[in-house]
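Student: I have a new model open and want to get my bearings. Can you walk me through it?

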Amino acid sequence: MTNIVVLVKQVPDTYSERKLTSGDHTLDRESADAVLDEINEKAVEEALKIKEAGEGEVTVISMGPDRATDAIRKALSMGADKAIHVSDEGLHGSDIVATVKVLAAAIGKVEGFDLVIAGNEASDGRGGAVPAMLAEVLGLPQLTHARTVSVEGSTVKVDRETDDGITHLEANLPAVVSVGEKINEPRYPSFKGIMAAKKKPVEKLTVADLGVDAGEVGLDNAWSSVLEASPKPPREAGQRVEDEGDGGTKVVEYLVSQKLV
């Protein structure tokens, strides 16, 4: 039996206009449609495939505001069994370090977990560091950028794909695995799955419930912050070159003036 934890995150839809708030320059999550991050759908799908290949249970964990419940329900409607939702106003603006501390504490609430699966990086922050940092905090082996994942007894095996090629990795459970975009095609929730998701348990926890020090999370305690932000300037018209036999020379002169050659 494999007890799997999947980390999921609600993010602004990539097709929506995304912007920062004018007050503290954090991501304005209310201004855009919110969805379950696509890479997390793939992480959930991979967990369900492992579960269906044997016996097990899939618990999804999400850290986010109340509206993140929608993303959690999407994962549950795909087939996950239960969820933990960490929601606390004090978490607003938390950086990756604080996020990892909170997620590690939430994972600790899942008794006897064998495997933690996450996406390589979220589409809103694109830090790409949470899975590795989480493995360090939990003291577990990390197998990142997975193209394939399989569990055989007490061992997890991964084909790790990077720009340099494919590496075959394996580790003893428990372990942390992060998956890439090419790993699978997530299933669509069935009507039966959507209805069943409404009855599945979602445990809501605060920072205090997790035993995390409130002085270690939130924007005021982040290791970095945005001091100033401005909208991207409108795109200006390009420079047109009239070719009168010397077009090539004019193009080169322009490139030289812009220090491009």
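Tutor: We can start with empty space inside the protein. On a 1 Å grid over the protein atoms alone, a cavity is a set of points where a 1.4 Å probe fits but cannot get out, and a pocket is an open set with protein on both sides within 12 Å along at least five of seven lines; lining residues have an atom within 4 Å of a point. Grid points are joined across faces, edges and corners, and a volume is the space filled by probe spheres set on the points.

Student: Before that, what kind of model is this?

Tutor: This is a predicted model: local features need pLDDT of at least 70, side-chain atom pairs count only at pLDDT 80 or more, and totals for chains, interfaces and linings use all residues. Residues are numbered from 1 along each chain as its sequence is written, and side-chain values use heavy atoms, with hydrogens and water left out.

Student: OK. How many cavities of 30 Å³ or more are there?

Tutor: The count is one. The volume of the largest cavity is about 40 Å³.

Student: Which residues line the largest cavity?

Tutor: Its lining is Q10, V11, P12, R29, A34, P65 and R67. Four are nonpolar, one is polar and two are charged. Here Ala, Val, Leu, Ile, Met, Phe, Trp, Tyr, Cys and Pro count as nonpolar, Asp, Glu, Lys and Arg as charged, and the others, Gly among them, as polar.

Student: Which element gives the most to that cavity lining?

Tutor: Strand β2 does, with three residues. Strands (E, at least two residues) and helices (H or I, at least four) are DSSP runs, numbered from the N terminus.

Student: Now pockets. What is the volume of the second largest one?

Tutor: About 490 Å³. Of its 25 lining residues, D37, E38, I39, E121 and E181 are the closest to its centre. Elements giving two or more residues to the lining include β2 (10–12), α1 (38–53) and β8 (155–162). β7 gives the most, with three residues.

Student: And how does that lining divide by type?

Tutor: Nine residues are nonpolar, six polar and ten charged.

Student: Changing topic. Is strand β1 mostly covered or uncovered?

Tutor: Mostly covered: seven of the seven residues in β1 (residues 2–8) are buried. Buried means under 20% relative accessible area, exposed over 50%, partly exposed in between (1.4 Å probe, protein chains only). T2, I4, V6 and V8 point one way from β1, and N3, V5 and L7 the other way.

Student: What does β1 pair with?

Tutor: β1 runs parallel to β4 (residues 56–63) over seven bridges. β1 also pairs in the parallel sense with β6, over three bridges. Two strands pair if DSSP finds at least two bridges between them. T2 is opposite G56 in β4, and V5 has V116 in β6 as its bridge partner.

Student: Who sits in β6 besides V116, and why does L115 count as buried?

Tutor: L115 is in β6 (residues 115–119). L115 counts as buried because its relative accessibility is 0%. Beyond four places in sequence, its contacts (heavy atoms within 4.5 Å) include N3, I4, V5, I50 and V151. The C-alpha atoms of L115 and V6 are 8.4 Å apart, though 109 residues separate them along the chain.

Student: Where is there a hairpin?

Tutor: β8 and β9 form one, with two residues between them. These strands run antiparallel, joined by eight bridges. D159 stands opposite H168 in β9.
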